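I sat down to look through a structure and kept short notes along the way. Here is what I looked up, in the order I got to it.

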Amino acid sequence: MKNLLLVALLAFAAGACDKPAETATAEEAKPAEAAAEPAAAAKADEAPAKEEAPTATAQVGQPAPDFELKDETGKTHKLSDYKGKIVVLEWTNPDCPYVVRHYEKDTMQTTFKALGEDKIVWLAVDSSNFVKPEDSAKWKTAEGFTYPVLQDASGAVGKIYQAKTTPHMFVVDAEGTLRYEGAIDNDPKGKEEKPENYVEKAVTSLLEGKELETSQTKPYGCSVKYGS
């Protein structure tokens, strides 16, 4: 009898040891999950909010900000597409007396031809809030020049380049670096018999692989007629 009782006790003990502790495991997992949730939330809060990078403005010696504008015919021009060539940017406004004087004297056209139409790219840019393609086309025909007049009625590109006057000139080298900005020449009053053409000198130096004597001058002319 004692032997039978001993066997029964041993069998009961063995069954109790083999039973999995499901309840204890589930209860232990709950506090662990609860602790993980606030930790994950805290980590998410630590991540800085992604901010939109500000548009860089043009600076001499730095890469010229890329842009894309349509000309008076509707053709799109992207500055970076001209990489490998020197680019002259001329901010203009046909209604400005300073621009009128320079076009009567063929300052821009003569400079472009002297530097070599096959060697450089010349882009006129009109950031006047009232500029219209048809008006630019009529002006281009009347003056007889060949380079495009880019339409920047919003003024976005003009503001990136900080164009202040018409004319206001910029020279970008073949690598895409802005190398000169300022006046077309040293003759704001139009009284010099042989004015010093800053743009011609800058581009010639670049074509000859020389350092520029002058990289910045004070532009003169009418203020750019931005909309706001």
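**Notes on a sheet and its neighbours**

I started with E3 and E7: five bridges join these two strands, and they run antiparallel. One pair I noted is Glu90, whose bridge partner in E7 is Met169. I should jot down that this is a predicted model.

Next I checked the other partner of E3. E3 and E4 pair in the parallel sense, over six bridges. Here I picked out Ile86, which has Ile120 in E4 as its bridge partner. A reminder to myself: strands in a sheet pair through backbone hydrogen bonds, and the pairing can be parallel or antiparallel.

Then I went to the far side of E7. Strand E7 covers residues 168-172 and pairs with E8 in the antiparallel sense, over four bridges. Met169 turned up again, this time opposite Gly182 in E8.

So what order do the strands take in the sheet? I read it off as E5-E4-E3-E7-E8, five strands in an open sheet with mixed pairing. Strand E5 (149-151) and strand E8 (178-182) are the edges, and each of them pairs on one side only. I also looked up the turn between neighbouring strands of this sheet, which is 20° on average, ignoring direction.

What packs on the sheet? I found helix H7 (residues 198-207) there, touching strand E3 (86-91), strand E4 (120-126), E7 and E8. The direction of H7 makes about 165° with that of E3.

Back to E3: is it buried or exposed? Six of its six residues are buried, so the strand is largely enclosed by the rest of the structure. I sorted them by the way they point from E3: Ile86, Val88 and Glu90 go one way, while Val87, Leu89 and Trp91 go the other. Both groups are buried.

My last stop was Thr92, which I found in the loop between E3 and helix H3 (97-104). Why do I call Thr92 buried? Its relative accessible area is 1%, and buried means under 20%. Which residues does Thr92 touch, leaving out those up to four places away in sequence? My list has Val99, Tyr103, Ala124, Val125, Asp126, Ser127, Ser128, Trp139 and Thr166. I also looked up Thr92 and Leu150: they are 58 residues apart in sequence, and their C-alpha atoms are 9.7 Å apart in space.

Definitions and conventions. Residues numbered from 1 in each chain as written. Predicted model: local features only at pLDDT ≥ 70, side-chain atom pairs only at ≥ 80, totals over all residues. Heavy atoms only, no water. Pairing = 2+ DSSP bridges. Axes fitted to C-alpha atoms, helices over the stretch in contact; angles between N-to-C directions. Contact = heavy atoms within 4.5 Å. Buried < 20%, exposed > 50% of the residue type's maximum accessible area, 1.4 Å probe, protein only.
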